[in-house]
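Here are my notes after a pass through this one. Have it open in your viewer and read along.

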Amino acid sequence: DFKKIISEQNHNNIKGAIITGDQDIFYEKTVELYQLLKDYNIDCELHVVNGLGHFFPDDFTELLRQILK
């Protein structure tokens, strides 16, 4: 239960990024997790790759590089 874990932790100065595909079988749950992180004021970005299932995108290295900037 992510809500329990997040609510019990000190999450000051935590940043994150989620990369998912809109065809991922876990897409809806991933969006819920992202919203939960935002609800707890955790600095997080959501990157959705159109047409991608539960895989790494072909441009993963470049996408990660952009996120880390």
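What share of the contacts in the protein with a separation of 6 or more comes from residues 24 or more positions apart? It is 71%. Keep in mind throughout that this is a predicted model.

1. Overall layout. The protein has three helices and two strands, and from the N terminus on they run α-β-α-β-α. Taken along the principal axes, the C-alpha atoms fill a box of roughly 35 × 30 × 15 Å.

2. Surface and burial. There are 69 residues in the protein, and 25% of them count as buried. The protein exposes about 5,500 Å², with carbon and sulfur atoms supplying 51% of that area.

3. Charges. I get 7 positive and 12 negative charges, and their mean positions are 7 Å apart. A search of the whole structure turns up three salt bridges. I'll take them one by one.

4. K4 and E8. Their side chains meet in a salt bridge, at 3.1 Å from N to O. K4 counts as partly exposed because its relative accessible area is 47%.

5. K29 and E32. This salt bridge has its closest N and O atoms 3.6 Å apart. Both residues lie in helix 2, three residues apart, which is about one turn of the helix. With a relative accessibility of 56%, K29 counts as exposed, while E32 is partly exposed at 47%. If you apply a stricter distance criterion in your own scripts, check how this pair is treated: the cut-off used here is 4 Å.

6. E62 and R65. Here the closest N and O atoms of the salt bridge are 3.1 Å apart. The two residues sit in helix 3, again three residues apart and about one turn of the helix. E62 is partly exposed, with a relative accessible area of 35%, and R65 is partly exposed too, at 47%. Helix 3 covers residues 60-68. As for where R65 sits relative to I25, the C-alpha atoms are 25 Å apart in space, and the two residues are 40 apart in sequence.

7. D24, the one I'd look at carefully. D24 is in the loop between strand 1 (15-21) and helix 2 (27-39). What is the nearest side chain of opposite charge to D24, and how far away is it? It is K29, 13 Å away, and D24 has no salt bridge even though it is buried. The side chain of D24 does reach the backbone nitrogen of F26, at 2.8 Å. Leaving aside neighbours within four places in sequence, D24 is in contact with L52, G53 and H54.

8. T30. This residue belongs to helix 2. Is T30 buried or exposed? T30 counts as buried because its relative accessibility is 15%, against a cut-off of 20%. Not counting residues up to four places away in sequence, T30 touches I18, T20 and L46. I18 and T20 fall within strand 1, which spans 15-21, and L46 falls within strand 2, which spans 43-49.

9. N41. Phi of N41 is near 60 degrees, a positive value in a residue other than glycine. N41 lies in the loop between helix 2 and strand 2. With a relative accessible area of 69%, N41 is exposed.

10. I42, next in the chain. I42 is found in that loop between helix 2 and strand 2 as well. Unlike N41, which is exposed at 69%, I42 counts as buried, with a relative accessibility of 8%. Which residues does I42 touch, not counting those up to four places away in sequence? They are I6, H11, I14 and L37. L63 is another matter: I42 and L63 are 21 residues apart in sequence and 21 Å apart in space, C-alpha to C-alpha.

11. Where I'd start. Two places to open up in the viewer are D24, buried yet without a salt bridge, and N41, with its positive phi. After those, go through the three salt bridges, including the K29 and E32 pair at 3.6 Å.

Notes
Residues numbered from 1 in each chain as written. Predicted model: local features only at pLDDT ≥ 70, side-chain atom pairs only at ≥ 80, totals over all residues. Heavy atoms only, no water. Helix = DSSP H or I, 4+ residues; strand = E, 2+ residues; numbered from the N terminus. Buried < 20%, exposed > 50% of the residue type's maximum accessible area, 1.4 Å probe, protein only. Lys, Arg positive; Asp, Glu negative; His and termini not counted. Polar contact = N/O pair within 3.5 Å; in protein donor to acceptor, adjacent residues only side chain to side chain. Contact = heavy atoms within 4.5 Å. Areas by Shrake-Rupley, 256 points an atom, 1.4 Å probe, with all protein chains shown as cover. Charge placed at Lys NZ, Arg CZ, Asp CG, Glu CD.
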